[in-house]
Amino acid sequence: MKERGLLIVLSGPSGVGKGTVRKEIFSQNNTKFEYSISVTTRKPREGEVDGMDYFFRSREEFEEMIKNSRLLEWAEYVGNYYGTPIDYVEKTLSEGKDVFLEIEVQGAFQVRNAFPEGLFIFLAPPSLSELKNRIVTRGTESVELIENRMKVAKEEIELMDAYDYVVENDHVEKACERINAIVVAEHCRRDRVAVRYKKMLEAE
Ligand code: 5GP
């Protein structure tokens, strides 16, 4: 039996640049991950292609998929449904390939429950580390603005707890490098490798 691939989940707060980072990863021709195309009820944007960017479906079709348990996770985000078809994920992992999901945080929580062995990467906004500088230069910003930023930052930091790794999206290329490095390291993790060696010995 082939060793199962790794389920890689890239998530993080809205507006952090998950889509941009994902596109950059998949534009590199040495990418070894398989992208799981999501289903959505939102309308295609200019240049988006059905079956490539998303599977664009009606709300009725989406709800049918939920009912028939065909989604690994799903969420309603800004008035539209988004979800991950489970069949593709299962099939690709069982072929020994790594599957990459780029999803918002509610969906990532559901995947964490269903696939605790997955690799969960939180893409963090650079503003989190800039925050301290901003606070130091307090004079330049209103108290209200700073308090609001602190609140958002606190929520974002709390979200991180459910993830294995945090990658700051300061530069897209650097963020992609870190993600690729994390995946390489994850494949070398003792608990993952040990299973492979034990199976090898059992087969002797
Ligand atoms: P957009 O409409 O800009 O393409 O995506 C909006 C948000 O939906 C982004 O945060 C993106 O990561 C998230 N998203 C895309 N596909 C899925 C999915 O299958 N499941 C979940 N939960 N979120 C998704």
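**View 1. R189 and D191 meet in a salt bridge.** Their closest N and O atoms are 2.7 Å apart. A salt bridge here is a side-chain nitrogen of Lys or Arg within 4 Å of a carboxyl oxygen of Asp or Glu. The model is predicted: local features need pLDDT of at least 70, side-chain atom pairs count only at pLDDT 80 or more, and totals for chains, interfaces and linings use all residues. Residues are numbered from 1 along each chain as its sequence is written, and side-chain values use heavy atoms, with hydrogens and water left out. R189 has a relative accessible area of 35%, so R189 is partly exposed. D191 is also partly exposed, at 34%. Buried means under 20% relative accessible area, exposed means over 50%, and partly exposed is in between (1.4 Å probe, protein chains only). Salt bridges link E186, R189, D191 and R192 in a network. The structure holds 15 salt bridges.

**View 2. A salt bridge within helix α2 joins E64 and K67.** The N to O distance is 3.7 Å. Both residues lie in helix α2 (residues 59-67). They are three residues apart, about one turn of the helix. Helices (H or I, at least four residues) and strands (E, at least two) are DSSP runs, numbered from the N terminus. E64 is partly exposed, with a relative accessible area of 39%. K67 reaches 61% and therefore counts as exposed.

**View 3. E95 pairs with K97 in a salt bridge.** The closest N and O atoms are 3.1 Å apart. E95 has 28% relative accessible area and is partly exposed. K97, at 36%, counts as partly exposed.

**View 4. The ligand sits among 15 residues.** R42, Y54, Y82, E102 and E104 come nearest. A residue is near a molecule or strand if one of its heavy atoms lies within 4 Å of it. The shell has five nonpolar, four polar and six charged residues. Ala, Val, Leu, Ile, Met, Phe, Trp, Tyr, Cys and Pro count as nonpolar; Asp, Glu, Lys and Arg count as charged; the others, Gly among them, count as polar. Strands β5 (71-77) and β6 (80-85) each supply at least two residues of this shell.

**View 5. Side chains of Y82, E104 and E73 approach polar atoms of the ligand.** An N or O atom in the side chain of Y82 is 2.5 Å from a ligand oxygen. A polar side-chain atom of E104 lies 2.6 Å from a ligand nitrogen. For E73, a polar side-chain atom is 2.8 Å from a nitrogen of the ligand. Taken alone, the ligand exposes 510 Å², and the protein buries 89% of that. Accessible areas come from the Shrake-Rupley method with a 1.4 Å probe; for residues, only the protein chains shown count as cover.

**View 6. E48 contacts R42 and R45 from a loop.** The loop runs between β3 (39-40) and β4 (55-56). The side chains of E48 and R42 make a polar contact of 2.8 Å. A polar contact is a pair of N or O atoms within 3.5 Å; within protein, one must be able to donate a hydrogen and the other to accept it, and residues adjacent in sequence count only if both atoms are side-chain atoms. The backbone nitrogen of R45 lies 2.8 Å from a polar side-chain atom of E48.

**View 7. Y197, M200 and L201 form a nonpolar surface patch.** Together they have about 340 Å² of accessible area. Patches are made of residues with over 30% relative accessible area and no salt bridge; like charges are joined within 9 Å, and nonpolar side chains (Val, Leu, Ile, Met, Phe, Trp, Tyr) within 5 Å. M200 lies in helix α8 (residues 190-202). With 48% relative accessibility, M200 counts as partly exposed.
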